Amino acid sequence: MANLEDVTTADLTAELLRRMKCSSKPDKRLILIGPPGSGKGTQSPIIKDEYCLCHLATGDMLRAAVSAKTPLGTKAKEAMDKGELVSDDLVVGIIDEAMKKPSCRKGFILDGFPRTVVQAQKLDEMLAKQGTKIDKVLNFAIDDAILEERITGRWIHPSSGRTYHSKFAPPKVPGVDDVTGEQLIQRKDDTAEVLRSRLEAFHGQTQPVIDYYSKKGLVEELHAEKPPKDVTAEVHKALS
């Protein structure tokens, strides 16, 4: 725990103002669904800040539970050490644990889960026990061809994490970082072949989940091919 005496007045005031602003926000429990490169990573922090939600990415939560050696984290580590998949019940349990944090008081954004209808049902059962439910599922819908152009054009400066795009945000000199003049690289995953196989898996797995929530009237389809500002406007409209 931080000692409050060591926290600057400016930081304390900012946190106080944030909490006052958050207290009037409605609770929201959201799921983001979208293929790699659809812009979930861009919109997620904006939604989190605007609605005072916590961001629950299953991969991060699993790693955190394992390193904190929680009972569920220990079970998850045992499965991972054996090369097995972590069971749906364990993942839902870890989400349940994470939701109890103060930062999740106003709700959460779930990213990367549920990936199957069974997972969606287990999540619904867990939330029902707490007297809550999913409020909205934001589906970042985008044509595969647009994704291919977005992803295969990505270039990265490894040490700073700066990203460029050969068409949409090119560096001043092709293949070279604007700031340091160092070489840019492309991720091994950012190829058309890898993307196509990931998209095939994504569509096969995720369409049934979208159908499951559509029957409950919870899915809002976003036009994820639009510029980020336009997508943000669509998100606000969907959540208001």
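**Exercises: two pockets**

α3, with four residues, gives the most to the lining of the second largest pocket. The model is predicted: local features need pLDDT of at least 70, side-chain atom pairs 80 or more, while totals for linings use all residues. Residues count from 1 along each chain, and side-chain values use heavy atoms, without hydrogens or water.

**Exercise 1.** Describe the second largest pocket (an open set of 1 Å grid points that fit a 1.4 Å probe, with protein on both sides within 12 Å along at least five of seven lines).

*Solution.*
- Step 1: take the volume (space filled by probe spheres on the joined points). The second largest pocket has about 380 Å³.
- Step 2: find the lining (residues with an atom within 4 Å of a point). Here 16 residues line the second largest pocket. Leu85, Val86, Val91, Arg115 and Gln119 lie nearest its centre.
- Step 3: name the elements (DSSP helices of at least four residues, strands of at least two). Those giving two or more residues to this lining are α3 and α5 (88-98).
- Step 4: sort by class (Gly is polar). The second largest pocket's lining has six nonpolar, six polar and four charged residues.

**Exercise 2.** Find the volume and lining of the largest pocket.

*Solution.*
- Step 1: the largest pocket holds about 1200 Å³ of space.
- Step 2: its lining has 44 residues. Pro35, Pro36, Gly37, Ser38 and Lys40 lie nearest the centre.
- Step 3: split these lining residues into 17 nonpolar, 14 polar and 13 charged.

**Exercise 3.** Which element gives the most to the lining of the largest pocket?

*Solution.*
- Step 1: list elements that supply at least two residues. Among them are β1 (28-33), α2 (40-51), α3 (58-67) and α8 (192-215).
- Step 2: pick the top contributor. α8 gives the most, with five residues.
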